[in-house]
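Let's take a walk through one sheet, the helices beside it and a pocket. Have the picture open while you read.

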Amino acid sequence: MGERRTLAVAAIFTATAVVAWLLDAPIGSAVGAGLAAGTLLWLATIPELDSPRPRPVEPAAPPSDLETPSLRAAELIAAIDDPMMIIDGQRIAFANTAAEAIFGEERLKGDFRLALRHPAAADMLASPFTDPPSSPIELVGIGAPDKRWLMSVHKLPDGVRLVRLRDRTDTWAAERMRVDFVANASHELRTPLATLLGFIETLSDASAGADEAIRQRFLGIMLAEAKRMQQLVDDLMSLSRIEADRFSTPQTPIALAPVIEEVANVIRSGQRDEGGRIALDIGDVADVRADRVQIAQLLHNLIGNAIKYGRPGTPIRVALEPVNGKVRLQVTDQGEGIAPEHLPRLTERFYRVDAGRSRAVGGTGLGLAIVKHIVERHRATFGITSKLGEGTVVTVTFPPANPT
């Protein structure tokens with residue numbers, strides 16, 4: 001900076017002296033004027049060149065609480081649907097909204113053992129950390145008796161632990177249903193197969209096969225068991241097809257009345273003794289968007305069940321009527337009725353109120369499961385009401401094809 005100031009003063013001195021001399025000023029006056037101008041410039045430039053003005057320092061913005069790592073992590077954890085807790089020592093330092101919904105705020109304000117009242121959870125949190133971390137454990141009964149959770153613990157700095165619970169109830173239920181289905185299907189198929197094999201071995205004996213009466217009786221039983229096995233396989237295949245189409249809603253408008261009349265006539269012709277019990281009560285209703293083949297299968301199952309489980313000689317009423325802008329189908333029998341505790345499970349695969357009676361009348365245990373899936377595919381509603389000693393009413397309500 002000093003060098004630049006010196007050059008500037010010398011330039012001003014020289015310029016001023018030259019100008020004064022050119023104006024015919026004496027040489028002494030010219031030199032004096034140059035010295036005066038250079039001195040004034042020297043004094044005027046001292047603050048700018050030697051001491052640069054300090055720039056104003058802007059006050060630093062106070063750190064936002066939202067930028068602190070702890071609060072940001074808490075916000076992220078709070079937004080997760082799984083119950084999560086941060087545990088410091090034995091104290092619950094933070095719990096997200098999902099955890100509060102399960103345990104309640106009061107139980108999350110102290111020792112973690114007050115919230116996680118489960119021996120396996122307490123042992124896992126009390127044990128030292130391992131590398132790699134210990135595997136998640138399954139907890140049953142937290143929040144509700146039938147709830148199943150998978151609990152995992154993650155190590156954080158300073159000995160803090162992050163506990164996460166993942167709801168496995170639906171997965172467990174689906175797995176149990178799959179296992180039960182395979183077991184039940186195997187059992188249902190094994191029984192008629194064992195019967196067939198036993199009678200085939202008996203008929204292979206020359207002495208038994210020679211008796212015409214025994215042979216005809218055994219062949220009749222074998223034919224019945226083979227038909228039962230065929231019906232079971234047909235129902236399993238039908239259920240599989242319906243489940244594969246469950247996301248494809250039918251779009252073709254059809255009239256239900258002709259389908260009901262057609263199914264009723266088929267059943268009447270096939271069961272001359274019992275077919276006369278079917279009484280139709282068909283009103284004027286709107287068309288519905290439906291799969292005609294599946295609707296016919298639904299009616300076969302419902303009317304067939306009413307004939308099987310209704311008291312002999314009592315009427316089976318099939319009613320079709322408009323209700324609140326929708327189309328309601330009802331099948332009513334006058335049987336022994338069903339106890340209330342069985343009603344929620346009637347649509348489960350292979351579930352039977354009376355297994356012995358169901359097999360005796362030719363039931364596979366899949367009829368109402370098929371009906372339920374057909375109803376769901378058609379976006380309809382399904383309900384069963386029953387009174388012991390009076391009978392059962394099955395109701396299916398369809399949305400109209402063109403709602404007004």
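## A sheet, two helices and a pocket

In this predicted model, L280 stands opposite V318 in β9. Here β7 and β9 (residues 316-323) run parallel and pair over five bridges; two strands count as paired if DSSP finds at least two bridges between them. Helices (H or I, at least four residues) and strands (E, at least two) are DSSP runs, numbered from the N terminus.

Residue numbers start from 1 along each chain as its sequence is written. As the model is predicted, local features need pLDDT of at least 70 and side-chain atom pairs pLDDT 80 or more, while totals for chains, interfaces and linings use all residues, and side-chain values use heavy atoms, without hydrogens and water.

Zoom out, and you get an open, mixed sheet of five strands in the order β7-β9-β10-β12-β11. β7 and β11 each have a single partner strand, so one side of each is left without a neighbour in the sheet.

Two helices go with these strands, with contact meaning heavy atoms within 4.5 Å. Angles run from 0 to 180 degrees between N-to-C directions, along lines fitted to C-alpha atoms (for helices, over the stretch in contact).

| Helix | Residues | Touches or lies across | Angle |
|---|---|---|---|
| α13 | residues 292-309 | touches β7, β9, β10 and β12 | about 30° with β10 |
| α15 | residues 367-377 | lies across β11 and β12 | about 140° to β11 |

α15 also turns up in the lining of the second largest pocket, where α8 and α15 are the elements giving two or more residues. α8 gives the most, with six residues.
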